[in-house]
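Reader: I'd like to learn how to read a structure like this one. Can we go through it feature by feature?
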Amino acid sequence: MGGGLVWRCGDLVLDCAERTLIMGILNVTPDSFSDGGRYFDHAAAVEHAARMVDEGADIIDVGGESTRPGSDPVPAAEERDRVVPVVEALASRVSVPISVDTRKAEVAREALGAGAKIVNDVTAGADTEMFDVVKDAGAGLVLMHMLGDPKTMQEAPRYGDVVAEVREFLRERIGAAEFAGVPYEALCIDPGIGFGKDLVHNLVILKRLETFAELGRPVLVGPSRKRFIGAILDLPEGERIEGTAGAVAWSVAHGANVVRVHDVKEIIRVVRVVDAIVRADA
Ligand code: HH2
């Protein structure tokens, strides 16, 4: 599956064909939907990231702005003060690449300067300087689809054909990033589960996940503990791990190359089993 697929992130070449990569979530925020406030303290954040690496995370994704539905934007200076010291501390502590989950070019630039190798941009380069920042640093870039912005995106998301529209958006953003000088091999794409999508939109995207792999770039999915799982199971964030495992198993069997999760220890066990099945050859 995905033979030879690589993701270039600075001096690193991540092999997306051999096995699914696990991106561990580190939210250095007071208000993230499932773990807000837990790792707001920098020392606690660094410890948690080190634990996820011990558990097998391939990438640590550091975020300083919650993008949960209804959330307000965080000023750049505040986001930078949350994220940059943690990236800096982690860069010398852990051996895996660090990504910075930000939509601000200014925050991305400083995080890359502090040792991050990837920018995870939930707006796929809406900040006009983002592509230049990524290009200049030679970093990797996640291009994610979102309809609208976090404040209002869940009010009444509408699509004609959600899969076709998200795919077309990602195809266009791959072209825009390349046009701005970001190499094709530095790009990773993400349909953006929960970002301006209702329950059915999320389910149909997952059902037809293989469509996104046709764009030729590694596919990242982030279903971890999200609202669509709560809607199906009628369970709060803290009880969505098995539902997350179900969504992750499906995704890995249908072309996901990177999964962004909170519960690294548990989810990696799911992923390794599905990886073995997907790659079995009689
Ligand atoms: N989901 C969240 C944040 N960043 N990035 C990508 N590429 N894909 C995702 O699905 C994604 C993302 C939201 O989850 P979380 O970080 O747990 O919560 P919050 O935004 O409240 O901090």
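Reader: Let me start with a small thing: in strand 5, which residue is the bridge partner of Gly 63?

Author: Asp 101 is the partner of Gly 63. Keep in mind that we are looking at a predicted model. That bridge is part of the pairing of strand 4 and strand 5, which is parallel and has four bridges.

Reader: What is on the other side, between strand 5 and strand 6?

Author: Strand 5 and strand 6 (residues 118-121) also run parallel, joined by three bridges. Asp 101 turns up again here, with Asn 120 as its bridge partner in strand 6. To get across, the chain leaves strand 5, passes through helix 3 (residues 105-113) and arrives at strand 6 in a right-handed β-α-β crossover.

Reader: Which helix belongs to the unit made with strand 4 and strand 5?

Author: That is helix 2 (residues 76-93), and the β-α-β unit is right-handed. Strand 3, helix 1 (residues 42-54) and strand 4 form a right-handed β-α-β unit too.

Reader: Where do these strands sit in the sheet, and what is its order?

Author: Read the order like a row of neighbours. Here it goes 8-7-6-5-4-3-10-9, an open sheet of eight strands with parallel pairing. Strand 8 (187-190) and strand 9 (220-221) are at the edges with a single partner strand each, so one side of each has no neighbour in the sheet. For strand 9, two bridges make a parallel link to strand 10. One pair to look for is Val 221 with Val 259 in strand 10.

Reader: Which strands does strand 3 pair with?

Author: Strand 3 pairs in the parallel sense with strand 10 (residues 258-261) over four bridges, and five bridges join strand 3 to strand 4 (residues 59-63), again running parallel. Follow Met 23 to see both: Met 23 stands opposite Arg 260 in strand 10, and its bridge partner in strand 4 is Ile 59.

Reader: Are the two faces of strand 3 covered or open?

Author: To read this, take the residues of a strand by side. In strand 3, Leu 21, Met 23, Ile 25 and Asn 27 are on one side, Ile 22, Gly 24 and Leu 26 on the other, and all of them are buried. Strand 5 (residues 98-101) has both faces covered as well: Ile 98 and Val 100 are buried on one side, Ser 99 and Asp 101 on the other.

Reader: How about a helix? Which residues of helix 6 are buried?

Author: For a helix, look down the axis. In helix 6 (residues 199-207), the buried residues are His 201, Asn 202, Ile 205 and Leu 206. Viewed that way they fall within an arc of 130°, so they line one face of the helix. Turned away from that buried side is a face with the exposed residues Val 200 and Lys 207.

Reader: There's a ligand too. Which residues come nearest to it?

Author: There are 18 residues around the ligand, and Ser 32, Ser 66, Asn 120, Asp 190 and Lys 226 come nearest. For polar contacts, follow the ligand's oxygen atoms. An oxygen is 2.7 Å from an N or O atom in the side chain of Ser 66, and an oxygen is 2.8 Å from such an atom in the side chain of Arg 260. With Phe 33, a polar backbone atom is 3.0 Å from a ligand oxygen. The ligand taken alone exposes 480 Å², and the protein buries 99% of that.

Reader: What should I look for in the loops?

Author: Try the backbone angle phi. Most residues other than glycine have a negative phi. Arg 225 has a positive one, near 55°, and Asp 234 has a positive phi of about 55°.

Reader: Where are those two, and is each buried or exposed?

Author: Arg 225 is in the loop between strand 9 and helix 8 (227-233). Its relative accessible area is 13%, under the 20% cut-off, so Arg 225 counts as buried. Asp 234 is in the loop between helix 8 and helix 9 (241-253). At 69%, over the 50% cut-off, Asp 234 is exposed.

Reader: And what would a value in between look like?

Author: Take Phe 40, in the loop between strand 3 and helix 1. Phe 40 has a relative accessible area of 36%, and is partly exposed.

Conventions
Residues are numbered from 1 along each chain as its sequence is written. This is a predicted model: local features need pLDDT of at least 70, side-chain atom pairs count only at pLDDT 80 or more; totals for chains, interfaces and linings use all residues. Side-chain values use heavy atoms; hydrogens and water are left out. Buried means under 20% relative accessible area, exposed over 50%, partly exposed in between (1.4 Å probe, protein chains only). Two strands pair if DSSP finds at least two bridges between them. A crossover is right-handed if, with the strands pointing away from the viewer, the path from the first strand over the helix to the second runs clockwise. A residue is near a molecule or strand if one of its heavy atoms lies within 4 Å of it. A polar contact is a pair of N or O atoms within 3.5 Å; within protein, one must be able to donate a hydrogen and the other to accept it, and residues adjacent in sequence count only if both atoms are side-chain atoms. Accessible areas come from the Shrake-Rupley method with a 1.4 Å probe; for residues, only the protein chains shown count as cover. The arc is that of the directions from the helix axis to the C-beta atoms.
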